[in-house]
Structures are given as C-alpha cells and as structure tokens.
Amino acid sequence: MKKIVGIMFLLVTMFTFANEIKAPDFKLKDQYGVEHSLEKYRGKVVILNFWATWCSVCKSELKDIEELYQEYGKNEKEVVFLGVNDENLQKVTEYLKKNSYTLPTIIDSDLIDEYQIRAFPTVFIIDKMGNIYKYAMGAVPPHILKDVIDAAKNSN
C-alpha cells in the first residue's frame with residue numbers, strides 16, 4: 001500500500017511540458033573541471049538532479065542516480081546524468097568521494113535559481129532537442145525514472 005501511495009504521489013507531481021519550453025542552457029564545470037552545457041548534449045536525453053548534502057531524501061536518491069548513471073553508460077551514450085548542487089565545492093567533492101559517487105556534479109547557485117528550484121531533490125528530464133520533457137520535486141523511484149528516460153529517448 002505504501003508503494004502504491006508513493007507511485008500515485010509521484011504521478012501527480014511529475015509535470016509534463018508539451019515539448020515547447022526550452023531548458024535554460026548553461027556552460028558550467030563539474031567537480032572534475034569538465035565543462036558541461038545542454039548545447040553540448042543536443043541529441044541526448046539529459047537528467048539534471050538538483051540535490052544537497054544536508055537533504056536526507058537526496059542522500060538516498062543519489063545512490064539510485066549514481067547506479068543509473070553507471071547503467072546508462074557514464075554519459076558516453078544517449079543519456080547524460082548531471083548532479084547540480086549550490087554548496088561549497090570542497091564539501092560536495094568530499095561527500096561524493098566518501099560515498100564513492102562518480103556522478104558529475106555542477107556547483108552553481110545561479111542554475112538553481114534559473115531552474116526555479118524550491119525543493120530538494122528535484123529532477124529535470126531534458127529531451128534530445130533541449131526542451132524540458134518532465135520534472136519532479138521529491139525523490140523519483142529508479143524504475144519510474146527509467147520509464148521516463150525511455151519515453152524521452154523515443155520522443156521527438
């Protein structure tokens with residue numbers, strides 16, 4: 001029953017756009033010094049996972065996001081995963097290392113403002129054309145995120 005209620009909540013909170021709203025582009029570096037932009041990933045589905053080290057829900061979801069990042073080919077195939085965090089670079093890097101997470105994470109508060117993030121975690125799924133496909137506030141179970149990713153890969 002608890003699982004059904006969670007899925008129902010997610011379906012209500014997963015918002016869809018008519019593939020008309022362009023996702024705000026950016027050109028920012030991750031904790032490894034690698035630059036990322038939506039333009040660079042045109043033709044791929046991009047998952048932006050906004051999270052914080054102090055957020056307990058984010059901590060459990062980040063494990064799932066890391067597993068999906070690995071499963072989908074570490075950003076070398078048709079799906080790109082990026083974490084977004086606005087905390088201190090050193091703090092975020094230490095947290096990721098401590099938990100053996102390799103997910104590229106952009107550290108930037110302006111991006112959080114630009115995407116109007118009001119709760120952590122929040123995930124945006126950007127389609128191959130750079131449009132916001134869906135987004136959800138709160139943790140998204142990995143099997144549902146996979147379904148949305150597959151749908152986004154087949155859209156356009």
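How many aromatic pairs does the structure hold? There are eight aromatic pairs, and we'll come back to a couple of them in detail. One thing to keep in mind as you turn the structure around: this is a predicted model.

Let's start with the fold. The protein chain has five helices and eight strands. Walk along the sequence and the pattern reads α-β-β-β-β-α-β-α-β-α-β-β-α. Of the 156 residues in the protein chain, 49% are buried.

Now for those rings. The structure holds eight aromatic pairs. Take phenylalanine 50 and tyrosine 115: their ring centres are 5.5 Å apart and their planes meet at 45°, so this pair counts as tilted, a label for angles that are neither under 30 degrees nor over 60. The pair joins distant parts of the chain, with phenylalanine 50 in strand S4 (residues 45-50) and tyrosine 115 in the loop between helix H4 (109-114) and strand S7 (122-126), 65 residues apart. Both phenylalanine 50 and tyrosine 115 are buried.

Tryptophan 51 and tyrosine 95 also make a tilted aromatic pair, at 5.7 Å from centre to centre and with 40° between the planes. Here again distant parts of the chain are linked: tryptophan 51 sits in the loop between S4 and helix H2 (56-71), while tyrosine 95 belongs to helix H3 (residues 89-98), and the two are 44 residues apart. Tryptophan 51 and tyrosine 95 are both buried. Back with phenylalanine 50, ring pairs tie Phe50, Tyr115, Phe124 and Tyr135 into a cluster.

Next, the sulfur chemistry. You'll find one disulfide in the structure, formed by cysteine 55 and cysteine 58 with their sulfur atoms 2.5 Å apart. What handedness does the S-S torsion of cysteine 55 and cysteine 58 give the disulfide? The torsion is about 80°, so the disulfide is right-handed. Cysteine 55 and cysteine 58 are both buried.

On to the last helix along the chain, H5. Helix H5 covers residues 142-153, which is twelve residues, and at 1.5 Å a residue it should span 16 Å. The C-alpha atoms at its ends are indeed 16 Å apart, so the model agrees with the expected value. Which residues of H5 are buried? They are Ile144, Leu145, Val148, Ile149, Ala152 and Lys153, so a lysine appears in the list along with the nonpolar residues.

Proline 142 is in helix H5 as well. With a relative accessible area of 27%, proline 142 is partly exposed, because that figure falls between the 20% and 50% cut-offs. Proline 142 also has a partner from elsewhere in the sequence: aspartate 64 is 78 residues away along the chain, yet their C-alpha atoms are 6.2 Å apart in space.

Finally, let's look for empty space. Rolling a probe the size of a water molecule over the atoms shows where such space is left. The structure holds one cavity of 30 Å³ or more, and the largest cavity has a volume of about 30 Å³. What lines the largest cavity? Its lining is made up of Leu38, Tyr41, Arg42, Lys44, Val46, Ile126, Asp127, Lys128 and Gly130. Sorted by class, that lining has four nonpolar, one polar and four charged residues. The polar one is Gly130, because glycine counts as polar in this scheme.

Definitions and conventions. Residues are numbered from 1 along each chain as its sequence is written. This is a predicted model: local features need pLDDT of at least 70, side-chain atom pairs count only at pLDDT 80 or more; totals for chains, interfaces and linings use all residues. Side-chain values use heavy atoms; hydrogens and water are left out. On a 1 Å grid over the protein atoms alone, a cavity is a set of points where a 1.4 Å probe fits but cannot get out, and a pocket is an open set with protein on both sides within 12 Å along at least five of seven lines; lining residues have an atom within 4 Å of a point. Grid points are joined across faces, edges and corners, and a volume is the space filled by probe spheres set on the points. Helices (H or I, at least four residues) and strands (E, at least two) are DSSP runs, numbered from the N terminus. The expected span of a helix is 1.5 Å times one less than its number of residues. Buried means under 20% relative accessible area, exposed over 50%, partly exposed in between (1.4 Å probe, protein chains only). A disulfide is a pair of cysteine sulfur atoms within 2.5 Å. Rings of Phe, Tyr and Trp (its six-membered ring) pair if their centres lie within 6.5 Å; planes under 30 degrees apart count as stacked, over 60 as edge-to-face and the rest as tilted.
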